[in-house]
Amino acid sequence: MHEMSITQSVVEICEGHAAGRKVTEVVLLIGELSGVVPESVEFCFEACTKGTLLEGARLQLELVPGVGNCPACHGEFPISTLFAACPGCGAFGLSIVSGEELRVKELELE
């Protein structure tokens with residue numbers, strides 16, 4: 001389960017930015033196309049935060065929907081896979097506008 005190592009990295013990033021202060025809440029953006037399972041990150045969070053500045057912190061996940069842009073007709077539309085065809089003209093090779101995010105958006109500190 002790669003979500004465990006991802007969650008551990010998130011904890012390390014948060015500790016680095018907390019500068020020794022206790023973290024009470026973490027807001028994490030997870031894109032629909034990122035390949036990360038939000039429920040698994042939630043499951044791993046408590047274990048990964050034991051004994052750290054994040055122990056007991058709330059984890060708030062914000063899910064970012066996938067959005068693609070067509071290079072042929074320039075339409076922008078929701079997508080749920082990286083290999084979708086344009087619903088307008090059927091072209092492939094879409095540019096990803098959003099949905100690949102995986103980042104810490106906010107930290108709440110004591």
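**Close-up 1. Asn69 and Glu76 face each other across a pair of strands.** In this predicted model, Asn69 stands opposite Glu76, a residue of strand S4. The two strands concerned, S3 and S4, pair in the antiparallel sense, and three bridges connect them. They belong to an open sheet of three strands, whose order is S4-S3-S5 and whose pairing is antiparallel. Strands S4 and S5 stand at the edges with a single partner strand each, so one side of each is left without a neighbour in the sheet. From one strand to the next, the twist averages 35 degrees. In a regular strand, the side chains alternate between the two faces of the sheet.

**Close-up 2. Four cysteines are annotated in a UniProt record as a binding site.** The annotation "binding site", which comes from an unreviewed UniProt entry, covers Cys70, Cys73, Cys86 and Cys89. These residues span 20 residues in sequence, yet no two of their C-alpha atoms are more than 8.6 Å apart, so they gather at one spot. Cys73 is placed in the loop between S3 and S4, whereas Cys86 lies in the loop between S4 and strand S5, which covers residues 95-98. When residues up to four places away in sequence are not counted, Cys73 touches Cys86 and Cys89. With the same kind of neighbour left out, Cys86 touches Cys70, Cys73, Phe77, Ala91 and Leu94. The surroundings of these two cysteines can also be described by their accessibility: Cys73 is partly exposed, with a relative accessible area of 38%, while Cys86 is buried, with a relative accessible area of 5%.

**Close-up 3. His74 and Ala19 each have a positive phi angle.** His74 is not a glycine, and yet its phi is positive, at about 65 degrees. The loop in which His74 lies runs between strand S3 (67-69) and strand S4 (76-78). His74 is exposed, and its relative accessible area is 59%. Ala19, which is also a residue other than glycine, has a positive phi near 50 degrees. Ala19 comes just after helix H1, and its place is in the loop between H1 and S1. Ala19 is exposed as well, with a relative accessible area of 62%.

**Close-up 4. Helix H1 has a buried face.** Helix H1 runs over residues 2-18 and therefore has 17 residues, reaching 24 Å from its first C-alpha to its last, which is close to the 24 Å expected at 1.5 Å a residue. Within H1, the residues Glu3, Ile6, Thr7, Val10, Val11, Cys14 and Ala18 are buried. Seen down the axis of H1, these buried residues fall within an arc of 140 degrees, so they line one face of the helix. An α-helix has 3.6 residues a turn, so residues three or four places apart point the same way. What covers the buried residues of H1 includes strand S1 (23-31), helix H2 (38-49) and strand S6 (102-109).

**Close-up 5. Ile6 is in contact with residues from other parts of the chain.** Ile6 is found in helix H1. With a relative accessibility of 17%, Ile6 counts as buried, because buried means under 20%. Leaving aside its neighbours within four places in sequence, Ile6 is in contact with Val36 and Leu102. Ile6 and Val36 are 30 residues apart in sequence, and their C-alpha atoms are 8.6 Å apart in space.

**Close-up 6. Strand S1 pairs with both S6 and S2.** Strand S1 is mostly covered, since nine of its nine residues are buried. S1 and S6 pair in the antiparallel sense, and the pairing extends over seven bridges. In this pairing, Val27 stands opposite Glu106, a residue of S6. Seven bridges also join S1 to strand S2 (residues 58-64), and these two strands run parallel. Here Gly31 stands opposite Val64 in S2.

Note on methods:
Residues numbered from 1 in each chain as written. Predicted model: local features only at pLDDT ≥ 70, side-chain atom pairs only at ≥ 80, totals over all residues. Heavy atoms only, no water. Helix = DSSP H or I, 4+ residues; strand = E, 2+ residues; numbered from the N terminus. Buried < 20%, exposed > 50% of the residue type's maximum accessible area, 1.4 Å probe, protein only. Arc of directions from axis to C-beta. Contact = heavy atoms within 4.5 Å. UniProt positions renumbered as here; feature names shortened; annotations may be inferred. Pairing = 2+ DSSP bridges. Axes fitted to C-alpha atoms, helices over the stretch in contact; angles between N-to-C directions.
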